[in-house]
Amino acid sequence: MRAADVHIARTWSGDRIGDAVAEVAARSAEIDRLGAELEVIVTEHERSALDHLRRVCADPVVQRGLRSTLPAVADAILPWLRGGTPPGWRLRAALVRLVCRAAVKTSPLSSFLVQGAARWHDELADSGNRTALVVEPSVERLMRLRAVIAREPRLWPRLSIRLNPGLVAHTDRLVVLGPPPSGDVAEIPLTPALERALALIADRTPATTQDVASALSRRPDQGELLVRRLVEANVLEVHVPVADQDPEWPRTLLAWLRERSTDAELVAALEELAAAPATERLDECGRAVERGVHRVDRWLADQAAPRGTGAWATEEMVVSEAIAVPRAPAFHVRDDLGRLRQVLSPFDSTLPYRAALAGFHASAFTRSPVPFLVLYQELHRALRDPGHRHHIAARAVQDAAVWPGNAPPGPEWNLLRDVLAARSAAERTLRSLPCDEEEVEVPDLEPIALGGRWSLPRIAVLGQPLPEGRFAVNSVVPAQAWGASHVDRALRRAGFAGLRAEPPSDGGAALRIEVENVLGHPLNARTRTTTHVLDYPSLVSSAARDRRVPIGELIVVSDQSGLLQLRWSREDVAVEPVHTSTLSPAFLPPALHLLVHGFCADTLTLYPGRLWLRRPSADDRSDVVSHPRLVLGRLVLRRRSWSAWVDGLPRRAAGETGAHHLVRWARWLAEHGVPERCFVRAYQHDSTAASTNTTKARKPLYFDLGSPLLVRAVEDSLRGAGGIAVFTELAPDPGSADRVEEHVLLEGEVR
């Protein structure tokens with residue numbers, strides 16, 4: 001090359017480009033070196049965290065919890081706990097989620113966090129309060145035992161029998177509600193002979209099967225045949241007289257069986273189970289119970305009883321004598337609770353459903369009084385048959401239970417239109433709030449008033465105190481239905497005085513009747529809070545007969561507000577069902593769900609943090625929307641959040657190192673201003689309506705960029721979830737206190 005050419009080339013390139021290239025090369029080498037070091041750090045951290053996870057999973061208490069709740073997982077990790085190969089990443093992520101959620105519970109099997117109680121992994125001696133671990137034999141096994149014993153031929157003549165409370169005579173037929181969980185409705189022609197038999201049985205029940213058979217026929221064999229046919233048709237119920245809510249059911253069942261000299265092996269097993277103490281030390285919990293449990297299990301297997309869905313689990317709850325009526329220390333926010341109820345009034349999820357149900361009643365029955373079971377039957381008929389004349393009306397009720405849309409045409413739907421219009425107006429107001437600010441004050445919204453009253457009942461707010469006198473709202477529930485009766489029962493079984501909360505009054509405009517069925521679920525075990533109970537198929541209640549309101553005697557009428565109301569035909573009084581269990585009404589049998597969701601004012605559950613979230617652009621899967629913190633006075637209704645499409649989040653590529661993947665997460669978080677530590681959950685519905693999300697991803701999971709195991713757990717939880725992921729700031733910061741507890745504010749009772 002000629003000298004002139006070299007000069008020209010140098011002029012084109014210049015020394016600055018060469019220097020820049022050299023600097024980039026040096027920085028790239030430095031980045032490669034740091035990346036290699038980071039990969040070593042990540043690998044060592046994962047190995048250390050995995051070893052710690054193995055030690056946690058090997059803990060006897062955790063092992064017992066896994067064995068009772070997830071036996072398949074317990075079997076899968078057993079080789080690893082014995083020194084074998086670690087499980088795959090999917091199982092590791094599942095274990096991380098389990099441990100994270102168990103760490104904030106009162107025990108590995110606990111379903112309800114009691115305020116002020118130590119967590120299961122804490123040293124109880126250091127809590128400063130006298131504590132006890134309550135042990136309750138599984139109510140699911142009580143249901144199984146009762147069912148098996150009811151089929152025992154030697155006990156048949158001595159079993160209790162009664163009319164099914166889910167019977168109602170309508171025109172020329174008998175409507176019969178079947179037992180849970182299905183709650184199917186059947187019809188039987190109401191012949192004069194059947195009417196006479198029902199009247200004869202009603203005068204003699206509750207009684208034994210032998211007594212009823214003798215009353216129906218002078219011939220014992222013919223009388224027994226009639227009884228069995230009526231039992232098969234669900235007209236009569238045969239059961240073992242052990243109440244659903246009996247906290248000492250093994251002793252009660254044992255006493256009943258001893259009088260009848262039945263199977264000696266079962267009696268011996270129940271003797272061992274009944275002898276187990278109600279409370280024990282944490283390290284000894286359940287041992288005495290488990291010995292009796294295994295013997296009962298063997299007896300059930302010998303009887304070829306249908307297996308339940310879960311293993312025998314005991315309901316456990318760490319309780320402390322320091323617990324009083326749970327009220328948060330942030331009493332100064334009490335003035336904001338009334339405003340909160342007004343703001344949330346348009347978002348009451350039960351109100352559109354109740355308005356739609358009133359529209360269906362007007363369409364199908366022209367607002368005439370009708371038995372509740374007939375309304376229930378007609379609604380389900382119309383839903384199942386697209387050609388049914390009321391199918392569109394029934395679909396409107398179904399849609400209102402999930403995500404209310406447009407009301408069908410016709411004047412009978414005016415109330416639903418008004419409710420939806422008020423809700424839409426409130427949503428538009430909240431969605432118009434600026435998103436480019438960190439915090440926004442919620443404006444006052446026009447409440448929905450029906451018949452001169454608010455649509456929402458007195459509320460209880462669950463959340464955590466924040467610095468500067470604020471209170472973060474996690475959820476809003478009716479004051480009478482937030483699980484106090486469940487906690488009260490545990491306290492009393494532990495020998496404490498209980499919550500000493502006054503039960504709701506049965507006086508006033510409506511007689512409150514509690515849904516008392518345990519339905520085989522421990523969350524339904526509780527202390528009764530009303531004088532009257534709803535008598536439902538399969539229920540065995542300790543309430544007096546005149547305090548039980550059969551579901552077949554409930555009549556549906558329209559009230560002055562346009563909504564539907566229940567009346568007890570026998571006493572001609574208005575009644576209101578009350579669901580005080582901590583079990584969601586969504587898991588109730590269909591007839592009970594309709595009763596509670598459509599007629600009970602105490603079913604509202606709102607999560608303000610999940611409302612009013614703008615979804616990212618449907619045309620840009622990488623779009624991320626920032627949501628400001630919403631405050632109402634000193635109440636923080638929604639923590640600061642960020643929503644993004646799940647399929648737009650960083651995904652681990654094939655062959656990508658853990659370090660490089662974490663760096664991509666760090667860039668994504670920094671680009672959108674999302675904290676490195678936060679909570680993540682996913683919603684399937686575009687509108688982020690929590691009620692439409694039924695996967696485990698709906699539950700918040702802790703995300704920490706500094707923990708590869710937690711990042712993996714979050715990614716695994718979101719895999720296949722679809723929809724929108726919501727990242728929420730930590731408030732309060734768990735590092736600012738020894739522990740973070742959830743408190744309860746009761747409207748009107750904060751002192």
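**Close-up views of a predicted model**

**View 1. The largest nonpolar core.** In this predicted model, the largest nonpolar core has 53 residues. Phe-360, Phe-372 and Leu-554 have the most contacts inside it. Helix α13, residues 350–365, gives the most to this core: nine residues. Another core lies apart from it and has 43 residues. Ala-74, Ala-682, Leu-701 and Phe-703 are among them.

**View 2. The surroundings of Phe-372.** Leaving aside residues up to four places away in sequence, Phe-372 touches Ile-551, Leu-554, Ile-555, Val-556 and Leu-566. Phe-372 also touches Ala-591, Leu-594, Leu-595 and Phe-599.

**View 3. An open sheet of seven strands.** The strand order is β10-β19-β20-β21-β16-β17-β18, and the pairing is mixed. The edges belong to β10 (370–371) and β18 (548–550). Each has a single partner strand, so one side of each is left without a neighbour in the sheet.

**View 4. Strands β19 and β20, with helix α18.** Strand β19 (residues 554–558) and strand β20 (residues 564–568) run antiparallel, joined by five bridges. Val-556 stands opposite Leu-566 in β20. Helix α18 (residues 590–599) packs on the sheet. Helix α18 touches β16 (511–515), β17 (532–535), β19, β20 and β21 (573–578). The direction of helix α18 makes about 120 degrees with that of β20.

**View 5. Two tryptophans in helix α19.** The count of aromatic pairs comes to seven. In one pair, Trp-665 and Trp-668 have ring centres 5.8 Å apart and planes at 80 degrees, so the pair is edge-to-face. Trp-665 and Trp-668 are three residues apart in helix α19 (residues 658–672), which separates them by about one helical turn. Both Trp-665 and Trp-668 are buried. Ring pairs link Trp-665 and Trp-668 with Phe-703 and Phe-727 into a cluster.

**View 6. A ring pair between two strands.** Phe-679 and Tyr-702 have ring centres 5.8 Å apart and planes at 55 degrees, so this pair is tilted. Phe-679 lies in strand β26 (residues 677–683), and Tyr-702 lies in strand β27 (residues 701–704). The pair therefore ties together parts that are 23 residues apart in sequence. Phe-679 counts as partly exposed, at 34% relative accessibility.

**View 7. Arginines over tryptophan rings.** Arg-228 lies over the face of Trp-156, at 3.9 Å from the ring centre. Arg-712 places its charged end over the ring of Trp-89, 3.7 Å from the centre of that ring.

Definitions and conventions
Residues numbered from 1 in each chain as written. Predicted model: local features only at pLDDT ≥ 70, side-chain atom pairs only at ≥ 80, totals over all residues. Heavy atoms only, no water. Core = buried A, V, L, I, M, F, W, Y, C linked by side-chain atoms within 4.5 Å. Buried < 20%, exposed > 50% of the residue type's maximum accessible area, 1.4 Å probe, protein only. Helix = DSSP H or I, 4+ residues; strand = E, 2+ residues; numbered from the N terminus. Contact = heavy atoms within 4.5 Å. Pairing = 2+ DSSP bridges. Axes fitted to C-alpha atoms, helices over the stretch in contact; angles between N-to-C directions. Phe/Tyr/Trp six-rings, centres within 6.5 Å; stacked < 30°, edge-to-face > 60°. Lys NZ or Arg CZ within 6 Å of the ring centre and 35° of its normal.
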